[in-house]
Amino acid sequence: QNQWLRAIDELQSDGLEQLPTPSNFPQKKEHTEVSYQYLNFSDGEHAKDGSWASGPSVDGNGEHTYHDGPTTSAAYPPPTHPDSRLYGTTELSNRMEKVAGTVQDKLKKE
């Protein structure tokens, strides 16, 4: 994170960028309902004490808020099943994969 902060400082000192970065992204397209929300997915609530979780934003366009987990939800799509020819995965369980592998090894070792 320190490297990101240094890069942002350098862009700003060179006059190339101002907040929000990148400046060429139109703010009217930004999903501002969640722009300043900090969603905590870590153990504990220590992050709520950080300046990123409460108080005014650096760009002056909003107030940071802390939320313990997601603030919205959407249905997850069903998991995909990749083509086993591409990824070497099948629908078989690990145990069945091992048995199948053992059988294949024995058949090839005749």
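Two strands pair if DSSP finds at least two bridges between them. On this basis, strand pairing was examined in a predicted model.

Strand E2 (residues 55-56) and E3 run antiparallel and are joined by two bridges. Gly55 has His64 as its bridge partner in E3. Six residues lie between the strands in the hairpin of E2 and E3. Within this hairpin, Gly60 adopts a positive phi near 75°.

E3 also pairs with strand E1 (residues 37-39). Here the sense is parallel, and the pairing extends over three bridges. Leu39 stands opposite His67 of E3. E3 thus appears in both pairings, with E1 and with E2.

Confidence was examined next. The mean pLDDT of the chain is 80. A score of at least 70 is reached by 92% of the residues. Strand E3 (residues 63-67) has the highest confidence in the chain, at 90. The lowest falls in helix H2 (residues 84-87), with a mean of 71. Where pLDDT is low, predicted coordinates should not be read in detail.

Charged contacts were then searched. The whole structure yields one salt bridge. It links the side chains of Lys48 and Glu45, at 3.0 Å from N to O. Side chains of opposite charge can pair when their charged atoms come close. Lys48 counts as partly exposed because its relative accessibility is 37%. Glu45 is also classed as partly exposed, at 39% relative accessibility. Both values fall between the 20% limit for buried and the 50% limit for exposed.

Definitions and conventions
Residues are numbered from 1 along each chain as its sequence is written. Side-chain values use heavy atoms; hydrogens and water are left out. A salt bridge is a side-chain nitrogen of Lys or Arg within 4 Å of a carboxyl oxygen of Asp or Glu. Buried means under 20% relative accessible area, exposed over 50%, partly exposed in between (1.4 Å probe, protein chains only). pLDDT is the predictor's confidence in each residue, from 0 to 100. Helices (H or I, at least four residues) and strands (E, at least two) are DSSP runs, numbered from the N terminus.
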